[in-house]
Structures are given as structure tokens and as C-alpha cells.
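The following exercises concern cavities, sheet topology and model confidence. Each task is followed by a solution in steps.

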Amino acid sequence: MRTSKVAIAEGAVAPAEGWGTLANFGWLFWLALAWIGLIVLAAALADVLPLPSPTDMDMLERRAPPSAAHWLGTDRLGRDMLARLIHGARISLTVAILAPLIGLLVGGALGILAGYFRGPVETVVVGGVDVLLAFPPLVLALAITAYLGQTVAHLTYIIGILSIPAFTRVARAATLSLASREFILAARAMGATEARILLRELLPNVILPLMAFFLLAIAVTIVVEGALSFLGLGVPPPAPSWGGMIGEGRESLEAAPRIAFLPALFMFVTVLSFNVVGDTLRVLTDPRQAAL
Amino acid sequence: MTAAAPEAAPARPLLAIEGVSVTLATPRGPLTAVDDVSLELAAGRTLGIVGESGSGKTMLSRAVAQLLPRRAKLSGSVRFADQTLTALDPEALRRLRGRALAFVFQDPMTSLNPVLSIGSQIIETLREHLGLDRAAAARRAVELLGEVGIPSPEQRLAQYPHQFSGGMRQRVAIAIALSCEPKLLIADEPTTALDVTVQAQILDLLAREQRRRGMAMILITHDLGVVAGRTDEVAVMYAGSVVERAPTARLFKAMRMPYTQGLIAAIPKLDAPPHTPLKAISGLPPDPIRRRPGCAFAPRCPLVSARCRESRPPLEMRDGHQFACWHPLPANAAVAP
Amino acid sequence: MMEPANAGQTRTPGSSGAPLLRVEDLVVDYALAGKVVHAVSGVSLALERGETLGLVGESGCGKSTLARAILQLTTARSGRVVFDGVDLTGLGGAALRALRRRLQIIFQDPIASLNPRRRVADLMAEPLRIAGVADAAERARRIVEVLQAVGLDPELVLGRFAHEFSGGQCQRICIARALILEPELIVCDEPVSALDVSIRAQILNLLEAMKARYGLTLLFIAHDLAVVKAVSDRVAVMYLGKLCEVAPTERLFREPRHPYTALLLQAIPQPDPEAPILERVAVGEPPSPLAPPSGCRFRTRCPRVQPRCAEAEPDLKELAPKQFVACHFPLSAAAEQPAEAPPR
């Protein structure tokens, strides 16, 4: 069987198409990734950075413009804006990453099981998830915070649980399209157990669209948390959060609009960055799935 | 450079493709789908274009009708019925397509609109190109469906594509293509997606209609058996170029290109005993992006020499038989067993 | 640890007496939008060790469903599949999985048969891992050996992903993967239909070579009669879920007795410009498996149809040594073309 060996030795095998050259990602993608890296790093190192405390009130410097002592000025209670923004980033990002993580793990697992096993499993999962969708989110948030108390942890759980249906849908759709492909049949024909097929064959393929969706979910969660905090249902004061800061900045819109504007800007740029990264990854993973 | 028609027709050829090349931009570099192809077709004759995947036959047919994807670049010229298609404006092209120049595609499920009844799809074409009123168009549509062999055409006019079987859908696609009495019909793998018993019926239908209407036809396929009895000439494509072209009988009986010989030899024959080893062509088709110097078939050719790897052989014409090879098979050689 | 029991031995047909695979009256149907598709309606077959049985039919005849049902990848409604004396239809769980390494399958779409996210080395090692070959060096040795057997250079192939290869190369990888556990039976479900003509011949030659080297029994499914003829010892023709004719290859092609077989033979386009294009004697298209005709399912297209054909289904009868035909009015023995239809 010299024939194919000769052909392959001559390089007839196509080189790895892969993800294309780095340039294909676009400058916006790299900019977005850089911002995410920066903000995550800053949030993680918030305690270590040489910043004033975010809760120290300096009544003499209320609504102060940017200066050497306060790089982005102070808010209406004299607290340093930059410090509050970075500590707020920490809280916003923690919620924004952990809440969709709940959705990813629980919703993803349910969706894969529903899409793979079909039948009664699918009916129960889809039905259950639809029930969850029927809950009006704000009412649920109000009820839980009223009953259990308003903490960052509870906020994370609420948003996390509410994100489960979306992840279930994405996981189920991806599983449905993959489970009928021949490589799954081939695995079964080899004698693989169902658990093995799910973990080793299906999961590595379904994880791609799920991850892309996860990044988009982070973006949405930042806004959701921001909205809840703005309404006073989210992160309890004095802990800073971007949404809360926007809410507080309402009163100072005439005197010092920057107090509301800066957290809004940070939120906007961060959400946009996650959207760009998530979307780029989604576009890259989808055609690969389609082509294969 | 225009190649002369094999049997020189007294009138100008209906279709003249001159030096057409199609390149596509891809992340890995420019992909040459069609490489400097020149062909001619006289009115009323059938040309078969045979090639495997990657040979460029589909891109060539799209180039003729100017239906290339947006990122494709076309060079060269296409002349059809005394008009230069490559120079026409989109409106004039649109009037030409569907009327004088018709297309039948491979997959009838996707070439018909699934949400419109087939009646409305035929009628739309008739009204658009021939300007018939609704009643006249409907009558003509029923006639056409009958001509292509669809039983109970009046009832079926209101049905949707999914209510037809594959073969029936292809008949409908053919009816639409023929509705405006085209001068040229390009059929791109019209039977590849169909069963073998249905395939024979569809090919018979195309041949019959072509004779009846005196239409020219280009039949594109990967199956040499399909062109054997049903075409006047056959052009064999490999790696984007035409490598051999001859009247059909001569191509099968006295081919000059080792590739053509290999292709015919690789087909399992019905009259060979079981377990006869097949004469396969070794190796793989070339990468259309990284093109090497020399003949594209050199890595796989049993007659290859150093010269083949260095320079591409030019397309020559001898007695109405075109081929491009440094070591062509001797003239009048029979197919090697 | 798996014993490479039958490496290199060529088995002669019928050497062990009982057939390797017996399919008994298998019925497979499934629900589609509330209706029932009768994919396989009572098919019985036997495969002797070492032979290649070709299974031919057009789309919708149920041959792929039959292939999957034999491998227990689809559940049959009734009937049995007996492999080397063991009834597969009754087995479940671990017992079935243990038996699976002796029966393998190759699919039509070679690229879709390989997990796009795993490298070839991983794909090839998977069957070995499932079979319990724990030693990595042993796995590597067997992978290299089988890849070389199918004509691939392990160094160039192992580190890559499926989408980096052409259809023909992927099919070689699939064949290698099917061979690595040294099975006894391989079901080939249209293995060359999706490949180019020049590659098709390579893969068919490869299958024949592997069959000899590993002593395999093959069930070769295709819609192309010429391809089936090239590799089969016996051929079974299937139409709309039922078998029409089963005969040794040469006999089937020289003397088809079922009108559908004759129709198929006639319809094949031959690469010979002087072959006469015969006038078609049957019209229409295969009916839908949702509502198969009563009696003989081919009767709606058969030129020899009689009233009796609508009333009773014909059984497979042995009309000549080893030639089984299911027809009330089969073609007469000496005819190559369909004979005159009997007078009404």
C-alpha cells in the first residue's frame, strides 16, 4: 500500500486549518480581550493596589473633580471614585461570572441529557425549564431578597437560577444536532457506555457553543446585576457596585454628572468587550461545527 | 486564445468561453478554482463536462451564468448568442438567465422554493420572462408538467415541493428550466442525488427534450457512465483545467490522457467477474491553493517524467481532439484492460 | 487484555459449519410525525464466515436501517439477530458491549464518523481503551500497525484532526479504527458512495486486501450494483423493506430472476458509448415506506404485474441452487432481458 503513503509524504494532507491566523480575529477582539484582562486583574488585586479605601468618606471633598489625590474625583459622600469603581468591578464581575456559571453547569448538564436521551427525560427537563422561564424575574428577586435577605450570595443564586433555561436551550440544541452524527454511532458500535459517550464524545463538542454563550451571558449578567442594584434590590450598600453607583449618581447629575457617568462607561465598555469576545468565539465555533 | 470547435460548425458557436479563470480568496491564500479554460459549444449540441470534486466543473458552470459567489474573481470572457456576458449589466443578465440560458441544479429540494407551490414557481417564470397573463401561464404550466412526465398535472400545480419525491422535484425543476424555451441548458449533476432507476428516467427526459427543442446542453457530472451515451462531446477537467476534450466515442475508445484512461479503468465494470482488482489511480487530487509547477496530474501519473514536473503541457488540438500531455497515449489505443 | 486471536489467518467460507451471522425475520419500524415508517419488514439472511454478502437497493429500501439493526444500534420491533450462535437481540448492557468488538461498522460519511475534536491518535486508541487494553505502549504498537496496513503514514496522521484529511483518507482512518480490535464481521454501509471515482477504487481494493489479511466477513451495502459486483460473493437485492432476490454474484448479474433486479441492471449507466440505451420497461418511483403497497411491494412499477401480485406477498423461493427469488412471476431462467409478460 505504497500509494497513499507517497501521497501523504508529498504533503497532500491539508495543513491544520485551525482558527486561522491571529490577524483574523480583528483588532476589536484583541482590544476587548485586553480590557477584560485589565479589569479582571484590577478587580482581583483591588486590596493590594495603592488605592484609598472605597468606603472612607471625606466630607470635605464631596463631588470633587479629578485631582492628584483622587484620580477620578469623589462621589457625593466624598468616597474615591476610582477605588469604588475597581472594588465595584470586583463585585460586579464576581456575580457576573459565578451566576452564569451556575447556569452553565446546571443548565448545560440538563440540556445535554435532554438532547441525548430524548423521550421522558427531555419532556421533564424542557417542561421544568419552561416553568422557570414563566417566573417574572424581578418579582422572584424581590421575593427572595425579602425572605432570605439581600446579600451578594443570594443575588448570585437568583441570577444564576434564572439563567438556567437559556443554557438548557443552547445545550439541547447543540446536542440534538450532534447526537445523530455518525461518530456517536461509531462510539456506540465500539462498545462505549452511554456515560463514556456523553463525556468523551459529546461534551468536547457541545462545550464550544456553550462557552461562547457563557461569555455573552456574562455580559448580560453585568447589566442585570447593575439594574437590580440600581433599583436597590442588588448589592447592599455600602459595598460598591456599578449599578449602585449609577443609582447614587442620579442625585448629582447636575452638579457632577461624572459620578453616574463613569460607572456607566465602565459597565458599557466591559459588557461590550464580553460581547465582542463571545461573539467572535461563537462565529469561530459555529462554522467549524457546520463544516464538520 | 480561442480553441476551434472540434467539428467546425458553419455558424458562430452558441457559447464561447475564452480564457476563463476563477479565483477565490481564502484565509490560506488564493484558491484557483478554474484555470484558463476555453470551450465552445454549437447550437443544438450536448457537451458533457466530467470531473471529480475539486476539478472546477461547478465553478465553471457558475462562471458561465455569472452566478459566482461574491468573493470569487472572474477573468476571461464568456460570449453567449453574440452577447458578451462578462460585460453585460445585471439587468440584461437577469433577463437572459432563465430565458435563453437555463440551469438545473443537483439538489431539487434546495433549488425549489419550499414555501411556494410549484405552480406559482413555474408561473412566476413564465410571466416574468414571456409576459403571459395568469390564465395563459397556468395553462402553459400544466402543459409543461405533462411534458416532463408528471401525472395529473392540474392537481399537482397547487402542491408544494415537499409533497413530491426527489425524481418528481427534479422533473419540476426541469420544467421550470425549459419553460421559456432556452437556447442553452446547463445541468449541474442533475441526477447525482437520485436513485439509479430514477436517474435513467431523468437523463432520458433531458435527452428527449433537447432533441425536440434543438437546444444546446451542458451536462456536468462526475459519472462517466452518464455522459457515455448521451453527449456529442466530452471535456474532462482536472484541477481547474480542461485536460482532454473529444467527441464522445473517441474519448472512450481512443483517449489520449493518462488521467482519462485511469478514470475509466477505475470504474468497476458490470461485465468483469467479482473480486477483479480495480485499477485505482494512486494518490490524491492536488491542493488548489498551493499549486506546484508542472502538470497537475504528475504526482499520480503512471507515465510521469521529469519534464512533467517542471512545466505544464499546453493544450493541443489534433483532429478535433484536445489534450494536454507531454506523453499522451498513442492515437487509436484501446482502453487498457 | 485482548488476544489477537485471528490475526493473519484467512478463513475459508463455511469452515466452521454454522453461519457467522443469521438475521431471522427482522422487522424495524419507527415513528415519523405520527406515522409509521416500515423500514425493514421481515428480512432473513445468513452470512457464512469469510464471505462478502452484497446488499443492494435504492434509497428508502431500508438497507442502512437493516445494517444498524444488525449491530443493535437501532431497536428492532421483532425478529432475531444471531451472531456466532449468540442472540444479540436479547442481550443488553455489558454482555452486548463485550460482544461488540467482534462486529464493527463503517459508515457512508467518513468525516462525520470521526469526532472533530479529537486527534487521530486519540480516535484510534479509543476502541482499545474500551476493550481494556491498559498498556499505552501496546496500544501505540497496534495503532501504528493498523495504520500502516491501511496505507497511512502514522507519523503524518496521528497528530491531526479529522477535518485536515480528505474523504478518502478519513475513510482509511475509519477502516483502521474498525480493524484495530480485529473483528470477525464488518458491516460496510455505503463506504464509497461519498468518495470520488478515483478514490473509490483505492478504498475498494483496500477493503479486499484487509478482508484477506484479517480473515473478515463483510456485509457490503451499496446502491451501485457495479461496485457491489466487484467485491461480493453473493448479492441480496432489497426493495422497500423486503428482499427480492438473493443469489451468487455471477448468477445474479447474468440471470436475474426478479423484475426489479433486471430493472436495476438495465438502469446502470455504463461508460461505454456504444452500449445501447435500452428502453425503460418500468416507470414511476419507489413508493413511500410510510404506505407500502399491499401484496408484492414492487407491483406498482413492475411490467409483469398481475392481479395476484396485489393479493399475496411472494415468499423467497429457491428457484436455482442458492438463488432465492420473491416473485409470483419470476423471469425465466435463460433470459437476460425481461421475458414476455405472461398473458393476462
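**Exercise 1. Characterise the largest cavity of this predicted model by volume and lining.**

Solution. Begin with the volume: the largest cavity measures about 100 Å³. Next, place it in context: the structure holds 12 cavities of 30 Å³ or more. Then identify the lining, which comprises 13 residues; those closest to the cavity centre are C:Pro259, C:Cys296, C:Cys302, C:Cys309 and C:Cys327. Finally, classify the lining of the largest cavity: nine residues are nonpolar, two are polar and two are charged.

**Exercise 2. Determine the strand order of the open eight-stranded sheet in chain B, and name its edges.**

Solution. The order is β6-β7-β8-β3-β9-β10-β12-β11 in chain B, and the pairing is mixed. The edges are β6 (101–104) and β11 (316–318) of chain B, each of which pairs on one side only. From one strand to the next, the twist averages 20°. For a single pair, take β9 (residues 233–238) and β10 (residues 241–247) of chain B, which are antiparallel over six bridges. Within this pair, B:Glu233 lies opposite B:Pro247 of β10(B).

**Exercise 3. Which strands of chain B does helix α11 touch, and which does helix α8 lie across?**

Solution. Helix α11 (residues 258–266) of chain B packs on the sheet and touches β3, β9 and β10, its direction making about 100° with that of β9(B). Helix α8 (residues 196–213) of chain B lies across β3 (46–50), β7 (184–188) and β8 (216–221), running at about 160° to β8(B).

**Exercise 4. Assess the confidence of chain B through its pLDDT.**

Solution. The mean pLDDT of chain B is 86, with 95% of its residues at 70 or more. Residues 1–5 of chain B, however, stay under 50. Where pLDDT is low, predicted coordinates should not be read in detail.

Notes
Residues numbered from 1 in each chain as written. Chains lettered and ligands numbered in written order. Predicted model: local features only at pLDDT ≥ 70, side-chain atom pairs only at ≥ 80, totals over all residues. Heavy atoms only, no water. Pairing = 2+ DSSP bridges. Helix = DSSP H or I, 4+ residues; strand = E, 2+ residues; numbered from the N terminus. Axes fitted to C-alpha atoms, helices over the stretch in contact; angles between N-to-C directions. Contact = heavy atoms within 4.5 Å. pLDDT = per-residue confidence, 0-100. 1 Å grid on protein atoms, 1.4 Å probe; cavity = no way out; pocket = protein on both sides within 12 Å on 5 of 7 lines; lining within 4 Å. Points joined across faces, edges and corners; volume = space filled by probe spheres on them. Nonpolar A, V, L, I, M, F, W, Y, C, P; charged D, E, K, R; others polar.
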